[in-house]
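These are my notebook entries on a ligand site and on some backbone details. I set down what I looked up, in the order in which I looked.

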Amino acid sequence: MKKSYLLSPGPTPVPERVLLAMAQPVIHHRTPQFSKIFGEAAEKLKGLFHTKNDVIILSSSGTGAMESAVTNCFTKGEKVLVINAGKFGERWGKIAEAFDLKVTWMNVVWGETASPAEVKAALDADPEIKGVLMQATESSTTVKLPVKEIAEITKGRDVLLVVDGITGVGVFDVPMDDWGVDILICGSQKAMMLPPGLAFIALNDRAWARADKAKNTNFYFNLKRERKNLKDKTTAFTPAVSLVYGLREALLMMEEETYPKVFERHAVLGRAVRAGTAALGLKPVTKHFSEAMTGVFLPEEVNGKKFVKSLRDDFGVTFAGGQDSWEGKIIRIAHLGYFTEFDMIIAMSSIEMALDKFGVKIKFGSGVAAAQEILRDRFEVK
Ligand SMILES: *Cc1c(COP(=O)(O)O)cnc(C)c1O
């Protein structure tokens, strides 16, 4: 028998409570019974997004919400600045180009974070830029980007700040109203402790005003239509009913833990993983780590693709490897969503075992011990 552990940055593990909520019989979506659940989930999402704006629930993966931001709030030929700090920043640019926006690329070296001063300079240099598209966490590099600082710059201009918070919202605080983020996006399978299949998007008044003016190039992802439906606690099309049951339960769990404690947990788990991997001599991929996940370079002699595959197939522990120029070179350890202290011990001990099998000289327990030194403060004996 082999027990499997999912330690990838998405999908992430789903709590038993959420699985059981989703196991309820499917009911019809045009009923008061479903509307009650849907309405409660939508209301709770406002707490997660820290906003008074409506949070629209879409049945799609996270990219669907990204696409909806582009097609609802921008018109063909308009200019946007894309912060491209990795695979997901690149995705913003590809979506914008697919809908014939003009993209100004701000390319950030992998492992580095974006510079607010450079964003300001780019906007000063080109008043035609109508939006800045960025990530809260660039998951391909495990880097955290300065959303708050960039919002300070966009706030006073006719420039929409569109934030893909798919590995940010629910990991650390992204208070969209306080910071002046115009559009904030989240997906179900990362920090939200849900299976893949739902995406969430909130627009502030500025963004809705743009949506009123923009020439829509969409049908399914029509946010104005969804907002109208949301007022009646329903959706334009058939929603992913079972996932909505799960959503309400997952949000309830986060409320019970309280958001400050959810964010603190992610931060501490991240520190433990960084201490553990440092003790094993694994070099961090960045100085700007997100609380969502940690990426480290594997020793040169290790074939990273084989290493991650072996951890999955031989040890039963699934991590993510690297993409593009980092393919085969790094491992990404997730600590967002339904993870607690001992999941990080599994992460450290399994990496130690695999390093040993791959011929790297390490001292068993050194990564685990370094993580434990950080995690010990999380427990109190009553
Ligand atoms: C996972 C992820 C997405 C969305 O990917 P989907 O596969 O469409 O859910 C987008 N942005 C970031 C930063 C992500 O980590």
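Entry 1, the shell by class. I sorted the shell around the ligand and recorded three nonpolar, eight polar and three charged residues. For this sorting, Ala, Val, Leu, Ile, Met, Phe, Trp, Tyr, Cys and Pro count as nonpolar, Asp, Glu, Lys and Arg as charged, and the others, Gly among them, as polar. The model is predicted: local features need pLDDT of at least 70, side-chain atom pairs count only at pLDDT 80 or more, and totals for chains, interfaces and linings use all residues. Residues are numbered from 1 along each chain as its sequence is written, and side-chain values use heavy atoms, with hydrogens and water left out.

Entry 2, members of the shell. I found 14 residues surrounding the ligand (a residue is near it if one of its heavy atoms lies within 4 Å). The closest are Ser-61, Thr-63, Ser-139, Asp-164 and Lys-190. I then asked which helix gives the largest share of the shell. That share, three residues, comes from α3. Both α3 (62-73) and α4 (87-98) supply at least two residues each. Helices here are DSSP runs (H or I, at least four residues) and strands likewise (E, at least two), numbered from the N terminus.

Entry 3, polar contacts of the ligand. I took a polar contact as a pair of N or O atoms within 3.5 Å; within protein, one must be able to donate a hydrogen and the other to accept it, and residues adjacent in sequence count only if both atoms are side-chain atoms. Arg-91 has a side-chain N or O atom 3.3 Å from an oxygen atom of the ligand. For Gln-189, I noted a polar side-chain atom 2.8 Å from a ligand oxygen. For Lys-190, the distance from a polar side-chain atom to a ligand oxygen is 2.8 Å. The protein buries 87% of the 380 Å² that the ligand exposes when taken alone (Shrake-Rupley method, 1.4 Å probe).

Entry 4, backbone exceptions. Most residues other than glycine have a negative phi, and most peptide bonds are trans. I found a cis peptide bond from Gly-10 to Pro-11, with omega near 0°. Pro-11 sits in the loop between β1 (5-6) and α1 (16-22).

His-50 has a positive phi of about 60° and belongs to the loop between α2 (32-49) and β2 (55-58). Is His-50 buried or exposed? I recorded His-50 as partly exposed, at a relative accessible area of 36% (buried is under 20%, exposed over 50%, partly exposed in between; 1.4 Å probe, protein chains only).

Thr-258 has a positive phi near 80° and lies in the loop between α10 (241-257) and α11 (259-279). Thr-258 is partly exposed, with 32% relative accessibility.
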